[in-house]
Amino acid sequence: MGWLALLTVGCTRKTVSFNSRPGDLAVTNSGAPGDSLTTTGRKGAPKLSIAGRKAVLTKEEERAAKEQEKAGQRKKRIKKNVFLGERIKKGLVKSGPKGRNQVIEVFYYLKTFKQPNPMAPAVFYFSTKKHSIYKAVGELDASTDKVLHGPYKKMQNNQVLETGYFANGTRHLRWEKFDKKGVLLTKTHYEMGFPRDANISYYDAGQTMLKEVVPYVNGKLEGDYAMFRNDGRRLWTGHFENGHRVGEWTNFGDYKKYPHYVFEYGETGYEPEVEEPELIREYSHGGSVIFDKEKNIDKRGDADPDAAPVKDARRPGSHGAPTPRPPVRKAQDRRPGYHPPAATPPAVSPTPPSN
């Protein structure tokens, strides 16, 4: 019996604690749980019997888990193809010689054509025919002209020269110009083509008939200028820089749709303004070029190319001389190479009027 009792005690499972000390009473209750190496009191903890077993996932579940992980790591993309609620497309133009002196223009334009505001001081578009950006002088052609709309950046030798935004062909929000060293030259704020600090005048008290837009920035003439007739037609367009007229100034005269005279001032406003602008182009009522200084064209003494044909009163079969069409204007005597301005740009106050 003594040997049987010793055998029974020796086969009894005991709970061993790592913090037990010699002399502690051993728990010999056979109903107690096993040692901590095989069991645990924590709910849901893994057991040694299944700790090395991998979770079994179907291919669909594994694919979904990977997609979810990628979605969490993926950055939210900024939509660059929409600006002010309009779908746009990116364009790029390079001009000048290749290398450091090449000028690069990055821009966006409307995917769906919309005619710009005819009363805006200046409208810009991209010509798919000439692959260049131009300032409009009349209505645009929906088949070839892309209305600028969205961010714009002009660079040379990795240096930003000009940056801003277009909205339906007009300058919008903040525009900045820099020199080749990155120094800020001008900063102008626009609202759909109109400079924020411009002096705008109207023909009527209700301010519905625009008369003149004189751009001022920090008390100095800067930006696009425009003058209109009392019937809403454009009369003059031009540009100021640093208080001086620069570039092309266009006169529309009494023409309904096409420009009449185009004069040219200096290239930059940081040099003295020329006293008398040079006439570089002249158009007929139908928009035909009758004078172009660069192309050496001078048809001002010829018959009007856009005049309606005169009905021939001759009897059938007669081959007499046809009736000549009236000339554009009476030929004027002038010395060779001299073309006096046929119109004078309006005088503008160098400083804004005080309110």
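This passage walks through the predicted model of the chain, from its overall make-up to its sheets, cores and low-confidence stretches.

Two helices and 22 strands make up the secondary structure of the chain. Of its 355 residues, 30% count as buried, and the chain exposes about 25000 Å². Carbon and sulfur atoms supply 52% of that exposed area. Among the contacts with a separation of 6 or more, 36% link residues 24 or more positions apart. As for confidence, the pLDDT averages 81 over the chain, and 73% of the residues score at least 70.

A good place to begin is the open sheet of eight strands. Read across the sheet, the order is β1-β2-β3-β7-β8-β9-β10-β11, and the pairing is antiparallel. The edges are formed by β1 (82-83) and β11 (194-195), each of which pairs on one side only. At the β1 edge, two bridges join β1 to strand β2 (residues 86-95), and the two run antiparallel. Here Val-82 has Arg-87 in β2 as its bridge partner.

An open sheet of three strands follows the order β5-β4-β6, again with antiparallel pairing. Its edge strands are β5 (132-135) and β6 (145-147), each pairing on one side only. From one strand to the next, the twist averages 40°. Strand β4 (residues 124-127) meets β6 over three bridges in the antiparallel sense, and Phe-126 stands opposite Lys-146 in β6.

Further along the chain, strand β13 (residues 210-214) is mostly covered, with four of its five residues buried. β13 has pairing partners in both β12 and β16. With strand β12 (residues 199-202), the antiparallel pairing extends over four bridges, and Tyr-202 stands opposite Leu-210 in β13. With strand β16 (residues 223-228), the pairing is also antiparallel and covers two bridges. In that pairing, Glu-212 finds its bridge partner in Met-227 of β16.

The β16 strand also leads into the largest nonpolar core, as the following description shows. This core has 15 residues, and those with the most contacts inside it are Tyr-225, Trp-236 and Val-348. At least two residues of the core come from each of β16, β17 (234-241) and β19 (261-264). Val-348 offers a handy view of how distant parts of the sequence come together: leaving aside its neighbours within four places in sequence, Val-348 is in contact with Glu-212, Val-214, Tyr-216, Leu-221, Tyr-225, Phe-240 and Arg-245. One of these partners, Glu-212, is the residue bridged to Met-227, and another, Tyr-225, is itself among the core residues with the most contacts. A second, separate core holds twelve residues, including Val-93, Phe-124, Phe-126 and Tyr-190. Of these, Phe-126 is the residue already met opposite Lys-146 in the three-stranded sheet.

Finally, two stretches deserve a word on confidence. Over residues 25-32 the pLDDT stays under 50, and the model has six contacts for this stretch beyond four places in sequence. Residues 330-338 likewise keep a pLDDT under 50, with four contacts beyond four places in sequence.

Terms used
Residues are numbered from 1 along each chain as its sequence is written. This is a predicted model: local features need pLDDT of at least 70, side-chain atom pairs count only at pLDDT 80 or more; totals for chains, interfaces and linings use all residues. Side-chain values use heavy atoms; hydrogens and water are left out. Buried means under 20% relative accessible area, exposed over 50%, partly exposed in between (1.4 Å probe, protein chains only). Contact means heavy atoms within 4.5 Å. Accessible areas come from the Shrake-Rupley method with a 1.4 Å probe; for residues, only the protein chains shown count as cover. Two strands pair if DSSP finds at least two bridges between them. A nonpolar core is a set of buried Ala, Val, Leu, Ile, Met, Phe, Trp, Tyr and Cys residues joined through side-chain atoms within 4.5 Å. Axes are lines fitted to C-alpha atoms, for helices over the stretch in contact, and angles run from 0 to 180 degrees between N-to-C directions. pLDDT is the predictor's confidence in each residue, from 0 to 100.
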